Amino acid sequence: MAADLKSYIERVRARLDLGTQEEDEIVRELETHVEERLAELERNGLERDRALRQMLPRLGRPQALAREFRQAHSQATWHDGLTAAAAFLLVAALYATNLWSYPPAVTGVAALVVAVTLYGLWHRRPPWFYPWAGLALTLLAFCGYFAFVLLARAAQPMADGQFEALTVLGFAGALLYMPLALIIVASCIRAASRRDWLDASLMLSPTAPVVVWLAALHQHGGIYEAPSMAAADSALAMTFVLMAVAAALFVRAGTRTLKLATLIGAATIALLAISAVDGAQISLEVLIARTVLLFGFLFSPALLDMIPAHPFGPTAKQD
Amino acid sequence: MRDLAQLLKGNTDVLILSLLESEPMYGYQMIKELERRSQGFFHLGEGTLYPVLHRLERGKLVVGRWRRLDGGQERRYYSLTEAGERRLEEQMTAWARFSSAVNLIIKPA
């Protein structure tokens with residue numbers, strides 16, 4: 001049973017994701033509390049094993065306890081909320097001004113997004129981090145689109161029996177990119193979910209409208225047909241403005257219920273945006289299918305959260 | 001019981017600050033003291049108490065300090081800061097006004 005206590009404490013620590021000193025303080029305080037409580041139960045005639053069995057459930061799930069501590073140690077300010085919103089406002093500006101088709105502007109924004117994301121990682125993922133990380137992930141979607149185009153262009157000559165080295169290399173590289181990008185995205189979702197699946201969902205929120213916009217771009221003839229995308233660009237810019245508001249509210253929200261409500265609001269905005277970017281009239285069936293797909297995608301981290309880290313481990317039953 | 005739990009949740013801060021008004025206390029002592037003073041009515045779980053204490057400490061309303069006892073055992077004692085005393089006074093005034101208003105309605109003279 002002592003192993004169970006050690007395992008419990010370690011599981012709390014693993015999910016705290018705070019600075020080492022803060023984690024040490026929390027663990028030390030929990031351990032002294034448990035020892036004191038156990039000593040009292042033993043004085044009352046309980047064996048240590050039974051006392052521990054009685055004690056541990058009172059502390060709650062390690063995941064929930066760690067989340068409470070983390071929230072206590074990382075209360076977000078309006079400054080955090082605005083920093084989170086800035087990520088989506090940046091994208092809104094890029095689309096509103098049609099600068100997304102101007103490579104230096106796109107490169108500058110991409111470099112800024114990556115730099116801010118790395119800065120956030122270095123500072124142990126502060127409250128404003130996830131919208132920026134989500135944008136960094138959408139860069140993978142952009143690269144995925146270019147890989148798709150490369151794949152389609154290389155496939156034709158190869159089907160005709162032309163196997164030039166550059167074509168084969170491009171084809172292989174594009175083919176390899178897809179699973180690699182998916183692994184990176186899955187790892188990021190998993191890492192974010194370990195802290196809180198709501199954060200992971202916020203991180204995923206910019207992906208859906210951007211992917212739909214890329215599909216619309218492809219339908220309109222690709223990146224060289226930028227002027228014909230004006231309506232879709234405006235819709236996407238407006239979506240990101242509304243999502244910026246949702247991100248600021250999410251970061252500032254004091255309770256998980258409020259955060260969840262904000263996320264549902266953001267998802268609804270994304271759904272409307274998808275319809276606006278698409279432009280065409282859609283049937284009820286298509287709308288329902290899109291709703292299920294979008295909400296399923298956005299809230300998939302909640303499913304990951306339900307899967308224990310070590311499903312067959314000896315302590316899985318506690319989590 | 002769910003209503004009572006909600007009521008406790010909404011007033012956890014003022015209860016904890018009140019406990020610390022008389023003397024510095026450590027977590028386990030607070031749980032026991034709260035049960036004793038409320039004659040068993042309030043029971044604060046460890047999973048609730050410590051995160052709240054840390055939140056209050058981040059808000060500079062309480063301050064925690066480790067003390068080593070004679071037997072070598074360590075405890076983290078929390079005490080009110082000046083800001084915590086002011087907050088407690090505000091919350092007690094608000095509570096007194098609220099409860100007297102409620103009493104005027106549910107127990108009319």
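How much area do domain 1 of chain A and domain 2 of chain A bury between them? About 800 Å², with 25% of it on carbon and sulfur atoms. The model on screen is predicted, and the tour starts at this contact.

**Stop 1: the two domains of chain A**

Select residues 2–70 of chain A for domain 1 and residues 76–306 for domain 2, following the domain assignment. Their centres, taken over C-alpha atoms, are separated by 39 Å. Nine residues of domain 1 of chain A take part in the contact, along with seven residues of domain 2 of chain A.

Next, show Arg67(A) and Asp196(A) as sticks. These two residues form a salt bridge, and their closest N and O atoms are 4.0 Å apart. The count between domain 1 of chain A and domain 2 of chain A is one salt bridge. For residue pairs in polar contact, with both residues at pLDDT 80 or more, the count across this interface is zero.

Now colour helix H1 (2–16) and helix H4 (62–73) of chain A. On the side of domain 1 that touches domain 2, these are the elements that give two or more residues. H4(A) gives the most to that side, with three residues. Colouring by residue class splits the domain 1 side into five charged, two polar and two nonpolar residues.

**Stop 2: chain A against chain B**

Display both chains and select the residues in contact: 19 from chain A and 18 from chain B. The area buried between the chains is about 1900 Å², and carbon and sulfur atoms give 50% of that. On the chain A side, pick out Glu29(A), His33(A) and Glu36(A). These residues lose the most area to chain B, together 33% of what the chain A side buries.

Which residue of chain A forms a salt bridge with Arg76(B)? Select Glu25(A): the closest N and O atoms of this pair are 3.5 Å apart. In total, six salt bridges are found across the interface of chain A and chain B. Polar contacts there amount to 16 residue pairs, both residues being at pLDDT 80 or more.

To see where the chain A side comes from, colour helix H2 (20–43), helix H3 (48–59) and H4 of chain A; each supplies at least two of the residues that touch chain B. H2(A) provides the largest share, ten residues. By class, the chain A side has nine charged, six nonpolar and four polar residues.

**Stop 3: the sheet in chain B**

Hide chain A and show chain B as a cartoon. Look for an open sheet of three strands in the order E1-E3-E2, with antiparallel pairing. Strand E1 (25–26) and strand E2 (62–68) of chain B are the edge strands, each pairing on one side only.

Start with E1(B), which is joined to strand E3 (residues 74–80) of chain B by two bridges. Here Tyr26(B) stands opposite Tyr77(B) in E3(B). Then move to E2(B), which seven bridges join to E3(B), again in an antiparallel run. In this pairing Arg65(B) stands opposite Tyr77(B).

Finish at the turn. E2(B) and E3(B) form a hairpin with five residues between them. Select Gly72(B) in that turn and check its backbone: its phi is positive, about 95°.

Notes. Residues numbered from 1 in each chain as written. Chains lettered and ligands numbered in written order. Predicted model: local features only at pLDDT ≥ 70, side-chain atom pairs only at ≥ 80, totals over all residues. Heavy atoms only, no water. Domains from an automatic or database assignment. Contact = heavy atoms within 4.5 Å. Buried area = accessible area lost by both parts, 1.4 Å probe. Salt bridge = Lys/Arg side-chain N within 4 Å of Asp/Glu carboxyl O. Polar contact = N/O pair within 3.5 Å; in protein donor to acceptor, adjacent residues only side chain to side chain. Helix = DSSP H or I, 4+ residues; strand = E, 2+ residues; numbered from the N terminus. Nonpolar A, V, L, I, M, F, W, Y, C, P; charged D, E, K, R; others polar. Pairing = 2+ DSSP bridges.
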